[in-house]
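Good morning, everyone, and thank you for letting me take a few minutes of the meeting. Please have the sequence and the structure open beside you, and follow along as I go from one part to the next.

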Amino acid sequence: MKTFDDLEVRRPALAQAYLALLAAQPGRPLALFAPRRVGKTFFLDHDLAPGARDAGMLPVYADLWLHKTAPIEALNHALEEALDDLQVPASRAAKLARTPVKKIGLLGASIDLGEEPQRRALPESPALRLDALVTRLAARHKGQILLMLDEVQTLGEAADGVTLVASLRAVLHKRRGEVRAVFTGSSQEGLARLMNTAGAPMYQFAQIIDFPFLDDAFLRLLADHFSTVHPGKALALADLRHGFSKIGFKPALMRDVVKAMSAEGVTDVSQGLRNYMTSDHQVAVWRALLSSVDAFDQGVLEVIARGEPPLSQATLQALAAIPGSKPTISRVRSSIEKLKRGGFLSKTAAGTHLDDPLLAEFVLQRAAQ
Ligand SMILES: Nc1ncnc2c1ncn2[C@@H]1O[C@H](COP(=O)(O)OP(=O)(O)OP(=O)(O)O)[C@@H](O)[C@H]1O
Ligand SMILES: [Mg+2]
């Protein structure tokens with residue numbers, strides 16, 4: 001039987017639109033930006049990669065966050081794996097069948113496999129290696145490669161970020177007939193940093209797109225399943241919409257809220273959200289999350305959650321109430337940096353705010369107690 005966890009929205013039309021954009025501007029990647037947990041990676045995996053495959057391309061996915069200190073190596077590793085997949089057939093039997101056998105002894109005692117064709121070794125330098133890998137892979141595949149680089153803001157955080165972006169840009173430009181690229185990122189801050197690196201290579205060459213949130217299609221799935229589980233009960237779409245925007249359009253979180261409502265038989269979405277936020281489990285999760293930073297950082301979070309200017313004199317005075325703290329502008333600044341790196345805060349055109357709107361509410365409620 002289907003459960004809430006099986007509900008998935010596919011967006012093939014969005015994938016097609018992105019592929020068409022890529023085809024219209026060879027050498028220019030797309031950079032899809034959206035907040036955390038809204039479904040970027042899911043889209044690459046479930047919509048963009050299949051769409052690319054249908055169009056005869058070979059999608060290659062690399063999560064640059066996994067090797068924060070060496071993002072180009074992470075990319076090269078993904079390309080090498082893709083190349084291996086094309087070169088080495090999946091099973092040993094297939095390998096035996098493909099390699100011309102020179103000599104087979106009785107009972108297979110001395111099987112001498114034909115020699116695998118040897119290629120020149122790949123260059124050592126990561127940038128040259130990237131170039132060689134892309135070319136080899138495209139030649140092997142006999143078609144275009146679609147590079148999907150997830151968490152691309154990592155490039156802006158790497159020590160040699162400027163050089164990395166420049167090499168990536170050079171390869172994508174030089175090999176524009178063979179490779180297309182889609183980047184995703186969740187940090188507006190990281191994006192800003194990428195754009196501000198010397199010569200602004202990223203900004204000039206990538207087309208920056210706001211990745212759209214899931215819409216009513218997802219909420220309808222939730223509502224329909226709820227009614228299947230609870231015949232005669234219904235969730236109002238308008239209330240779901242309101243709740244979804246309140247939690248920052250995060251589908252997994254919305255699903256958890258509706259699952260909890262289903263378990264309790266609640267149909268009032270705002271009540272469901274309140275119950276979810278005050279549940280022991282959720283409160284424990286937030287407490288643990290907050291205790292991963294010190295009291296001063298928690299104080300700074302609270303100030304930002306209240307929408308107060310974190311560097312004002314009034315704020316510094318208020319923060320002085322935290323035992324053991326000696327608030328200065330630079331202390332607050334470094335705390336903000338730390339909270340950004342930890343994923344607590346993100347920066348948008350509207351300013352710095354808590355990444356998770358529910359956590360913001362929790363922090364405010366806790367402060368009011
Ligand atoms: N189209 C979808 N339909 C149903 N659920 C989805 C969909 N997209 C995402 N989700 C749910 O949301 C969760 C988070 O999605 P995903 O990991 O793709 O987000 P993300 O934007 O890449 O997040 P992060 O910024 O943490 O990398 C998924 O594990 C999945 O449960
Ligand atoms: Mg992701």
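I will begin with a pair of helices, keeping in mind throughout that what we are looking at is a predicted model. Helix α15, which covers residues 295–305, packs with helix α17, residues 329–341, at an angle of about 85°, and the axes of the two are 10 Å apart. Angles of 65 to 115 degrees count as roughly perpendicular, so α15 is described as roughly perpendicular to α17. If you would like to find the contact on your screen, look on the α15 side for F296, D297, V300, L301 and I304, and on the α17 side for R331, V332, S335, I336, K338 and L339. Sorted by class, the residues of this contact are seven nonpolar, one polar and three charged.

Two numbers came up there, and they will come up again, because two packed helices are described by the angle between their axes and the distance between the axes.

Let us use that description on a second pair. Helix α13, residues 269–278, and helix α14, residues 280–290, pack with their axes 5 Å apart and at an angle of about 55°. How, then, are α13 and α14 oriented to each other? They are oblique to each other, since an angle of about 55° falls outside the ranges for roughly parallel, roughly antiparallel and roughly perpendicular. In this contact, Y276, M277 and T278 of α13 meet D280, Q282, V283 and W286 of α14, and by class these residues divide into four nonpolar, two polar and one charged.

Now let me step back to the protein as a whole. Its secondary structure comes to 18 helices and nine strands, and of its 369 residues, 44% are buried. If we take the contacts with a separation of 6 or more, 71% of them are between residues 24 or more positions apart.

To make burial concrete, please look at helix α10, residues 216–229, where A223 lies, and where L219 is found as well. Are these two residues buried or exposed? L219 counts as buried at 1% relative accessibility, and A223 is buried too, with a relative accessible area of 10%. Leaving aside residues up to four places away in sequence, L219 touches L237, L240, R241, F244 and M254, while A223, with its neighbours within four places likewise left aside, is in contact with L235 and L240. We can also follow distances between C-alpha atoms: L219 and P251 are 32 residues apart along the chain, and their C-alpha atoms are separated by 9.0 Å, whereas for A223 and T267, which are 44 residues apart along the chain, the separation is 9.9 Å.

P251 leads us to the next topic, which is the largest pocket. This pocket holds about 480 Å³ of space, and 20 residues line it, with R37, V38, G39, F42 and P251 lying nearest its centre. Two elements, α2 (40–54) and α12 (251–264), give two or more residues to the lining, and the largest share, five residues, comes from α2. By class, the lining has nine nonpolar, two polar and nine charged residues.

One of those central residues, R37, deserves a second look. R37 sits in the loop between β1 (30–33) and α2, it is exposed, with a relative accessible area of 61%, and its phi is near 60°, a positive value in a residue other than glycine. Phi is positive in K142 as well, where it is near 55°, and this residue, too, is something other than glycine. K142 is found in the loop between α5 (126–141) and β5 (145–150), and with a relative accessible area of 75% it is exposed.

I will finish with enclosed space. How many cavities of 30 Å³ or more does a search of the whole structure find? The search finds one, and the largest cavity has a volume of about 60 Å³. The residues that line it are L22, Q25, P26, G27, R28, P29, L172, V179, R180 and A181, and the largest share of that lining, three residues, comes from strand β6, residues 179–185. By class, the lining of this cavity has six nonpolar, two polar and two charged residues. Thank you for listening.

Terms used:
Residues are numbered from 1 along each chain as its sequence is written. Chains are lettered from A and ligands numbered from 1 in the order in which they are written. This is a predicted model: local features need pLDDT of at least 70, side-chain atom pairs count only at pLDDT 80 or more; totals for chains, interfaces and linings use all residues. Side-chain values use heavy atoms; hydrogens and water are left out. Axes are lines fitted to C-alpha atoms, for helices over the stretch in contact, and angles run from 0 to 180 degrees between N-to-C directions. Helices (H or I, at least four residues) and strands (E, at least two) are DSSP runs, numbered from the N terminus. Angles under 35 degrees count as roughly parallel, over 145 as roughly antiparallel, 65 to 115 as roughly perpendicular and the rest as oblique. Contact means heavy atoms within 4.5 Å. Ala, Val, Leu, Ile, Met, Phe, Trp, Tyr, Cys and Pro count as nonpolar, Asp, Glu, Lys and Arg as charged, and the others, Gly among them, as polar. On a 1 Å grid over the protein atoms alone, a cavity is a set of points where a 1.4 Å probe fits but cannot get out, and a pocket is an open set with protein on both sides within 12 Å along at least five of seven lines; lining residues have an atom within 4 Å of a point. Grid points are joined across faces, edges and corners, and a volume is the space filled by probe spheres set on the points. Buried means under 20% relative accessible area, exposed over 50%, partly exposed in between (1.4 Å probe, protein chains only).
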